[in-house]
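Q: Give me a close look at a single loop in this model, please. After that, walk me outward from there to the rest of the fold.

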Amino acid sequence: MSRDADVIVVGAGNAGFCAAHAASQAGARVLLLEKAPDEWIGGNSYFTAGAIRTVHAGLEDVLSLVEPIEPSRVRATELPSYGHEEFRSDMYRVTEGRADGEMVELLVGDSRGTLGWLAQLGIRLRLMYDRQSYEVDGRHVFWGGLHVGTVDGGRGLISDHLGAAERAGIEIRTGYAVTDLVRRTGGAVTGVRCRVDADEVEISAPAVVMAAGGFEAEPRLRAAYLGPSWDLAKVRGTPHNTGEMLEAMLSAGALAYGHWSGCHSIAWDAAAPPTGDRELTNRLSRQSYPLGLVVNRDGERFLDEGADFRNYTYARYGAEILRQPGAFAAQLFDASTQSLLRTDEYESPGVSREQAQTIGELADLLSIDHHRLERTITEFNESVSDATFDPAVKDGKHTQGISPPKSNWAVPLKEPPFLGFPVTCGITFTFGGVRIDAHGRVLDRSRHPIPGLYAAGELVGGLFFHNYPGGTGLMSGAVFGRRAGRAAAELVTRAEAADGATRE
């Protein structure tokens, strides 16, 4: 049968690129289709900070992967190992035990090897000193099980993927909006239908890997699946992840799987545009909240800012902000913790920020109930324990007698100037998707593989429920993208071998 490619990959984000690389390495002729125009290539991966969660054996192991570091800095670095059991435990803990066990084992077991594979492809990696460590007594102490990231964040990740694709001869077509699957009698997928400008075209291949993202950029689907007011949330990334490929796979009989009413959402600059800014990318996030307080428009706290390292709470706190009046909150800090705030997020040009010498003045600048905020801060300050503050560990410096509590890093707000950062909910990606097997094959409602159809990335369900450990999005996209791409290429090889044997 004539065909346009051996393997079609739909979606040019991290998962799609990983599928394309793996299929190409296995000998397949790969065509990568991207709905967005050239200037929007990269999907949500472009907007990430580039953190990638992986099992590793400690500093020496990580140094073998990352860009060279000044020896004096290495000597001053404390980086604990992060083992299989820790990664596994974090996955089950933050998803309240609901994460699919087989998928967790594949994610954890493949993580270190997949990171090495990415490095071999030319994806540049770094130790995330700026985002995942604090300087304590002259030492750079890493925390939260998340230590490695890409050079220049998501922008660098996509640039490096593009370079690897060019070296491998992978064809990429942008402006190809896939609208449906092509199937032959019996249900096997044999290609895709696309809209290119005003034309409808059909592209054939024996295997298709779907890596086109979730439905986070489609207000109608957000309201339908996530619930009331989710259509009002700001989109942290690309405007092009609107769920058509999920709906196409479900129409083809794919089994819906995972937490369809759940998503990854974070504290996002309240003045941010409706969808992601390609220049500012992740710098519109506000992730130093464990060091301060978060209040709503009524001047009241509504969450435990110090429940855990931010890596294990940030992806669910966006939803908490959305539930507040006006979907608005403010992160508050004083001079005692100002130097610990992430520079790229809190001091970048265009950051929404207010500063005052008193709490009352700050409340007025932020349009927060003046008297209630003063009471909230007074009550908080009086409740703080005498434990020693240490941002690099869960220090147990907590509050007593107030609700909600602050379980760690409870520092009184007493030292002017006082800083306030208005935030809202920024949705990153949705958790609901289709069910796949260990080879990335999409399963139908009878749990049988749909011939020729594979999936990876955000539109795969089963890994994340309620919450998400930071850095697992890029790693899961890489792990399952690699598996899907390799399996898709192997399907083509087997089919060609069978066809050759038949002709003989």
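A: First, a bit of vocabulary: helices (H or I, at least four residues) and strands (E, at least two) are DSSP runs, and their numbers are counted from the N terminus. One caveat before digging in: this is a predicted model.

The loop to zoom in on is the one between H4 and helix H5 (101-121), where glutamate 96 is found. Glutamate 96 isn't a glycine, yet its phi is positive, at about 55°. Is glutamate 96 buried or exposed? With a relative accessible area of 56%, glutamate 96 goes down as exposed, because the cut-off for that label is over 50%.

Now step back into the helix on the N-terminal side of that loop. H4 covers residues 84-94, and aspartate 90 is one of the residues in it. Aspartate 90 gets the opposite label from glutamate 96: its relative accessibility is 9%, and buried means under 20%, so aspartate 90 counts as buried. Who does aspartate 90 touch, once its neighbours within four places in sequence are set aside? The contacts are Arg53, Tyr82, Tyr312 and Pro469. Not everything far along the chain comes back to it, though: isoleucine 321 sits 231 residues away in sequence, with 24 Å between the two C-alpha atoms.

Isoleucine 321 is a handy bridge to the internal voids, since it helps line the largest cavity, along with Ala267, Tyr289, Val294, Leu303, Tyr317, Gln331 and Val423. That lining comes out as 7 nonpolar residues, 1 polar and no charged. The cavity's space is about 50 Å³, and the structure holds 3 cavities of 30 Å³ or more.

Back to backbone angles, since glutamate 96 isn't alone in that. Serine 229 also has a positive phi, about 75°, without being a glycine. Serine 229 sits in the loop between helix H8 (219-225) and strand S14 (234-235). At 35% relative accessibility, serine 229 counts as partly exposed, because that value falls between the 20% and 50% cut-offs. A glycine with a positive phi turns up too: glycine 169, which follows H7, has phi near 75°.

H7 itself is worth a quick check. The helix runs over residues 153-168, and at 1.5 Å a residue its 16 residues should span 22 Å; the end C-alpha atoms are 23 Å apart, so the two agree. Its buried residues are Gly153, Gly154, Gly156, Leu157, Ile158, Asp160, His161, Gly163, Ala164 and Ala165.

Then there are loops with odd peptide bonds. The bond joining serine 403 and proline 404 is cis, with omega about -5°, and proline 404 is found in the loop between helix H13 (370-383) and strand S20 (418-430). Proline 417 has its place in the loop between H13 and S20 as well, and the peptide bond leading to it from proline 416 is cis, with omega near 5°.

For one more loop, try threonine 185, between strand S10 (177-183) and strand S11 (189-196). Threonine 185 is exposed, as its relative accessibility is 80%. Its C-alpha atom is 23 Å from that of alanine 256, which is 71 residues away along the chain.

For contrast, look at isoleucine 8 in strand S1 (residues 7-10). Isoleucine 8 has a relative accessible area of 0%, so it is buried. Beyond its neighbours within four places in sequence, isoleucine 8 is in contact with Leu31, Leu33, Gly191, Val192, Ile203, Ser204, Ala205, Ala207, Val208 and Val209. Proline 206 is 198 residues away from isoleucine 8 in sequence, but the C-alpha to C-alpha distance is 8.4 Å.

Finally, the whole thing. The protein has 14 helices and 23 strands, and 61% of its 504 residues count as buried. Among contacts with a separation of 6 or more, 74% come from residues 24 or more positions apart. How does the radius of gyration fit the rule for a compact globule? For 504 residues the rule gives a value near 23 Å, and the protein has 23 Å, so the two agree. Along the principal axes, the C-alpha trace spans about 85 × 50 × 40 Å.

How values were computed: Residues numbered from 1 in each chain as written. Predicted model: local features only at pLDDT ≥ 70, side-chain atom pairs only at ≥ 80, totals over all residues. Heavy atoms only, no water. 1 Å grid on protein atoms, 1.4 Å probe; cavity = no way out; pocket = protein on both sides within 12 Å on 5 of 7 lines; lining within 4 Å. Points joined across faces, edges and corners; volume = space filled by probe spheres on them. Nonpolar A, V, L, I, M, F, W, Y, C, P; charged D, E, K, R; others polar. Expected span 1.5 Å × (residues − 1). Buried < 20%, exposed > 50% of the residue type's maximum accessible area, 1.4 Å probe, protein only. Rg over C-alpha atoms; globule rule 2.2 N^0.38 Å. Contact = heavy atoms within 4.5 Å.
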